[in-house]
Amino acid sequence: MSTTFNKLPQPDAIARARLAMISEPEDVYDLLKVNPPISLYRLCKDFLNINVNLSSDGGDLANSGHIKKDEDGGITIWINPLDSDNRQRFTLAHELGHYFLHILRGDQSEFSDTPMEFRRDGQSHKEEVEANKFAARLLMPSCDIYAEVAHLVEPDEDGISPYLSEETLVRELSKTFRVSEMAMQIRLRSLGYL
Ligand SMILES: [Zn+2]
């Protein structure tokens, strides 16, 4: 599984300290000098000192994920292991959004996410919308999307760009960024591609 991710550098104290204070999700890549996709599990473990629990008895299986700040200040994220890999990955990115945007700022120390929290129907709580946006930017940074689309439609020797249907574009990019096709479709729409 790790072979499909770009390798993170060896963690060092400076990178850890700087990462612990990011406010923009794209800063992760600038700080670590790496391109997406990266393993968020390694990011949590090696750089953020966040414990990620994937056990089936670690949380409520009706939920997608959970993040909690313990009394000793330690952070534990639980991810529903029954969800698909891409779903788990988006949930972990979403929980990291809660971590950086809400828990570190002291607004709240715990979030439980049902699959409902990920809907984009405008009825979600402000924190859920913010965590979803953070997750989308962390997994699919706009500049990397631009670069990848440019690469896919690069003209051939005759100056002709390959035709890409929306379906192909979504499918190819979702594979590259290791996200679900649904997540990529939403992201491309928000960036004006669809
Ligand atoms: Zn949430």
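An axis here is a line fitted to C-alpha atoms, for helices over the stretch in contact, and angles run from 0 to 180 degrees between N-to-C directions. The model is predicted.

**Helix 4 against helix 5**

With that in hand, take the helix pair. The axes of helix 4 and helix 5 come within 7 Å. They cross at roughly 115 degrees. The crossing is right-handed. Helix 4 brings Phe90, Ala93, His94, Leu96, Gly97, His98, Phe100, Leu101 and His102 to the contact. Helix 5 answers with Glu127, Glu130, Ala131, Asn132, Phe134, Ala135, Leu138 and Leu139. By class, the residues of this contact are ten nonpolar, five polar and two charged.

**Two domains**

The domain assignment splits the chain into domain 1 (2-139) and domain 2 (141-194). Their C-alpha centres lie 24 Å apart. Domain 1 puts 14 residues into the contact, and domain 2 puts in nine. On the domain 1 side, helix 4 (85-103) and helix 5 (126-139) each supply at least two residues. Which element gives the most to that side? Helix 4 does, with four residues. The side of domain 1 that touches domain 2 holds six nonpolar, three polar and five charged residues.

**The sheet**

Next comes the sheet. Four strands form an open sheet in the order 1-3-2-4, with mixed pairing. Strand 1 (50-53) and strand 4 (110-113) are the edges. Each has a single partner strand, so one side of each has no neighbour in the sheet. From one strand to the next, the twist averages 15 degrees.

Strand 2 pairs with strand 3 and with strand 4, as the table sets out.

| Strand pair | Bridges | Direction | A facing pair |
|---|---|---|---|
| Strand 2 (65-69) and strand 3 (75-79) | Five | Antiparallel | Lys69 and Ile75 |
| Strand 2 and strand 4 | Four | Antiparallel | His66 and Ser112 |

Two helices pack on this sheet. Helix 3 (residues 40-48) touches strand 1 and strand 3. The direction of helix 3 makes about 150 degrees with that of strand 1. Helix 4 touches strand 1, strand 2, strand 3 and strand 4. The direction of helix 4 makes about 30 degrees with that of strand 2. Helix 4 thus recurs in three settings: on the sheet, against helix 5, and on the side of domain 1 that touches domain 2.

**Strand 4 up close**

Which side chains of strand 4 are buried? Phe111 and Asp113 are, and they point to one face. Glu110 and Ser112 point to the other face and are not buried. The side chains therefore alternate along this edge strand. Ser112 is also the residue that stands opposite His66.

**Leu191**

One residue of domain 2 (141-194) deserves a look of its own. Leu191 sits in the segment after helix 8 (181-190). Is Leu191 buried, exposed or partly exposed? It is partly exposed, because 14 other C-beta atoms lie within 10 Å, and a residue counts as buried at 20 or more and as exposed at 12 or fewer. Beyond its neighbours within four places in sequence, Leu191 is in contact with Ser142 and Ile145. Leu191 and Ala136 are 55 residues apart along the chain, and their C-alpha atoms are separated by 11 Å. Ala136 falls within helix 5 (126-139).

Notes. Residues numbered from 1 in each chain as written. Predicted model: local features only at pLDDT ≥ 70, side-chain atom pairs only at ≥ 80, totals over all residues. Domains from an automatic or database assignment. Contact = placed C-beta atoms within 7 Å. Nonpolar A, V, L, I, M, F, W, Y, C, P; charged D, E, K, R; others polar. Pairing = 2+ DSSP bridges. Left-handed = near helix turned anticlockwise from the far one by under 90°.
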